[in-house]
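Trainee: Could you take me through one part of this protein in some detail? I would like to look closely at how a pair of helices sits together and at what surrounds them.

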Amino acid sequence: MEINVSSPGNIFLLGEHSVVYGKDAIISAINMRTICKVSKRSDDVIKLNSEDYGKFIENIKNLEAVEEYHNRIDLVKDLVSTFYKKFEIDNGIDIRINSNIPKVSGGMSSSTAVLCSVLDALNKSFNKINKNDYFNFLIPFQRKIHGGTASGVELFSSIFGGYNKIKMSPLTFENLGNLKLHILIVDTGIEARTAETVSYVRNGWKNDKNSYENIFNEIHDIVNNGKKAIKENDLEELGKLMLKDHELLSKDLGVSHPKLNKIVKIAKKNGAYGAKLSGGGKGGVAIVLFPKNKEKIIIKKLLSQLKCKIYRTEVGVCGCENIK
Ligand code: MEV
């Protein structure tokens, strides 16, 4: 029997980086997904095939955990080996992974979606853990991807979906409902490594904890005002808060990029409610929140003034699930 599941990528409406320091963030699952198909084999071989992640064939007895990730496939090898060892599985499997989450420049949780879809597919094949345990199972892999420290909010969002206000350690979350937001995701084409931006902020914080904690607290307040704006469907206010958050991420935390700033400026000038970088920053993507009647002009101006790719996707969609 073939198991066929998918997991969403994510955007941060507000609160990236400060969430690593225990503050609140608002994250949303997006309708760009990673699909994982698995089917049991009659031997003891693991065979992986993926356009984006490459190929590997390994006998179960030779599976080994991977300490450091040097390329995309290491992440999948590590997850599969850990799952097989932990649950002492001796049945071979074919795994296929496909994704429509752009991964060149990062910022949309493509690796997180891979983790969730592969675990979900393995688990649905062998029935070992409850969905509520996915987070704890996956957080060590997310930490390796982020160079040692990760909030885990992206995992939560890819597993459970929706819009959530989340705070880590201890994990608390609040689902923010089913608001229909018009969002553009603007890909700078500049590759951004989350591990580098996270450690960049960490070094700054280590040198001057007070100043950084003040910024994190400011962002935390922005997130909580954002929650209120979402609950009241006040998109003008939400847009203003996104702009404020972007300014702090850019000027104070130093994780923006001239191209991200330009996207924000063009979007704002052409009628967007707000815009900001999303994810680790220093490249990757920006998101734009806009009133429907401004969509065409914003896209036109962005494409005429910048080399970028623009994606229009649904937000607040479901987490990892079976595909019929
Ligand atoms: C990266 O996509 C988001 C960060 O907040 C890191 C994290 O939450 O682990 C920068």
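What follows is a close look at one helix pair and its surroundings.

Mentor: Happy to. This is a predicted model, so local features need pLDDT of at least 70 and side-chain atom pairs count only at pLDDT 80 or more, while totals for chains, interfaces and linings use all residues. Residues are numbered from 1 along each chain as its sequence is written, and side-chain values use heavy atoms, with hydrogens and water left out.

Let us start with the pair itself. Helix α3 covers residues 134-145 and helix α4 covers residues 153-160; the two pack at an angle of about 135°, with their axes 10 Å apart. Helices here are DSSP runs of H or I with at least four residues, strands are runs of E with at least two, and both are numbered from the N terminus. The axes are lines fitted to C-alpha atoms, for helices over the stretch in contact, and angles run from 0 to 180 degrees between N-to-C directions. The angle makes α3 and α4 oblique to each other, a word for whatever is left once angles under 35 degrees are called roughly parallel, over 145 roughly antiparallel and 65 to 115 roughly perpendicular. The crossing of the two helices is right-handed, which is the case when the near helix is turned clockwise from the far one by less than a right angle.

Now for the side chains. From α3, the residues Y134, F135, L138, I139 and Q142 meet E154, L155, F156 and I159 of α4, where contact means heavy atoms within 4.5 Å. Sorted by class, this contact has seven nonpolar residues, one polar and one charged. Ala, Val, Leu, Ile, Met, Phe, Trp, Tyr, Cys and Pro count as nonpolar, Asp, Glu, Lys and Arg as charged, and the others, Gly among them, as polar.

Next, look at S158, which also lies in helix α4. S158 counts as buried, at 0% relative accessibility; buried means under 20% relative accessible area, exposed over 50% and partly exposed in between, with a 1.4 Å probe and protein chains only. Setting aside neighbours within four places in sequence, S158 touches S7, P8, N10, T112, A113, C116, G319 and C320.

Two of those partners, C116 and C320, are cysteines worth checking. The sulfur of C116 is the closest cysteine sulfur to that of C320, but at 5.7 Å it is too far for a bond. A disulfide would be a pair of cysteine sulfur atoms within 2.5 Å, and a search of the whole structure finds zero of them. C320 is itself buried, at 3% relative accessibility.

C320 also leads us to D120, a residue of helix α2, which spans residues 110-126. With a relative accessible area of 1%, D120 is buried too. Its contacts, leaving aside neighbours within four places in sequence, are V5, Y134, C320 and E321. Y134 brings us back to where we began, since this α3 residue is one of those that meet α4. So you can follow contacts from S158 to C320, from C320 to D120 and on from D120 to Y134.
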